[in-house]
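Colleague: I should like to learn how to read the features of a structure that is new to me. May we go through them one at a time?

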Amino acid sequence: MARRRSIIAIVFIASVFTAASLRESVNLALENATLFNSSSTYDAENPISYLHDGNTTPTGSHWFSTNKTALSWISVTLAKPYLIERVMIYNRMDNGCPDRAIGCKIYMDGVNWHRISERQTVYSISVNKVVQEIKIQKMKEYINLVEIE
């Protein structure tokens with residue numbers, strides 16, 4: 001039996017994929033059993049469901065944001081643990097938001113895995129670990145995302 005590989009692309013714009021091969025992938029974020037939660041919601045007209053609808057355009061009116069709180073966070077909880085190959089984070093690039101990704105910490109099942117330290121459109125983070133929950137956290141600031149696949 002072939003070993004399944006998984007990729008998470010958390011898209012600022014944030015994505016979650018599992019792959020039997022690099023050519024064949026399944027977007028776990030689109031599965032009904034995947035849960036998305038956040039510390040808060042900045043704008044009810046931009047719901048958390050925008051983080052997993054497949055729209056990865058880094059500019060425009062299709063985005064999700066937390067409020068600016070002591071500890072802002074967004075979590076993706078998969079229905080079961082998957083071997084995650086990588087996390088891809090796509091940054092929101094308009095309206096003063098590109099720098100809001102800087103300082104975000106990425107956690108894999110509660111373990112501090114990566115810290116975003118510079119402005120980019122896309123962040124590619126190697127994981128290669130069995131994971132069930134991915135969490136993005138930032139102290140005293142908004143987190144703006146467009147997509148989590």
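Colleague: Which residue stands opposite I106 in strand 8?

Modeller: A word beforehand: this is a predicted model. In strand 8, the residue opposite I106 is H114. The two belong to a pair of strands: strand 7 (residues 105-108) and strand 8 (residues 111-115) run in the antiparallel sense, joined over four bridges.

Colleague: How many residues lie between strand 7 and strand 8 in the hairpin?

Modeller: Two residues lie between strand 7 and strand 8, which together form a hairpin. In the turn, D109 has a positive phi of about 50°.

Colleague: What does the secondary structure of the protein come to?

Modeller: The protein has zero helices and 11 strands. Read from the N terminus, the elements run β-β-β-β-β-β-β-β-β-β-β. Of the 149 residues, 46% are buried. The accessible surface comes to about 7,200 Å², and carbon and sulfur atoms account for 48% of that area.

Colleague: How many aromatic pairs does the structure hold?

Modeller: The general idea comes before the case. A pair of aromatic rings is described by the distance of the centres and the angle of the planes. The structure holds two such pairs. In one of them, the ring centres of Y42 and W63 are 6.4 Å apart with the planes at 40°; an angle that is neither under 30 degrees nor over 60 counts as tilted. Both Y42 and W63 lie in the loop between strand 4 (35-38) and strand 5 (64-65), 21 residues apart, and the pair links distant parts of the chain.

Colleague: Is W63 buried or exposed?

Modeller: W63 has a relative accessible area of 11%, and buried means under 20%, so W63 is buried. Y42, by contrast, is partly exposed at 46%.

Colleague: Which residue forms an edge-to-face pair with Y42?

Modeller: That residue is Y142: the distance is 5.6 Å centre to centre, with 90° between the planes. Y142 lies in the loop between strand 9 (122-141) and strand 10 (144-145), whereas Y42 is in the loop between strand 4 and strand 5, so the pair ties together parts that are 100 residues apart in sequence. Y142 is partly exposed, with 21% relative accessibility. Y42, W63 and Y142 form one aromatic cluster.

Colleague: Where does the charged end of K135 sit?

Modeller: The charged end of K135 sits over the ring of W73, at 4.5 Å from the ring centre.

Colleague: Where in the structure is I89 placed?

Modeller: I89 belongs to strand 6 (residues 69-90). With a relative accessible area of 0%, I89 is buried. Sequence separation and distance in space are read separately: I89 and T121 are 32 residues apart along the chain, and their C-alpha atoms are separated by 8.1 Å.

Colleague: Which residues does T34 touch, leaving aside those up to four places away in sequence?

Modeller: T34 touches L28, A29, V76, T77 and L78 when residues up to four places away in sequence are not counted. T34 itself is found in the loop between strand 3 (24-27) and strand 4. The relative accessibility of T34 is 9%, so T34 counts as buried.

Definitions and conventions
Residues numbered from 1 in each chain as written. Predicted model: local features only at pLDDT ≥ 70, side-chain atom pairs only at ≥ 80, totals over all residues. Heavy atoms only, no water. Phe/Tyr/Trp six-rings, centres within 6.5 Å; stacked < 30°, edge-to-face > 60°. Buried < 20%, exposed > 50% of the residue type's maximum accessible area, 1.4 Å probe, protein only. Lys NZ or Arg CZ within 6 Å of the ring centre and 35° of its normal. Pairing = 2+ DSSP bridges. Areas by Shrake-Rupley, 256 points an atom, 1.4 Å probe, with all protein chains shown as cover. Contact = heavy atoms within 4.5 Å.
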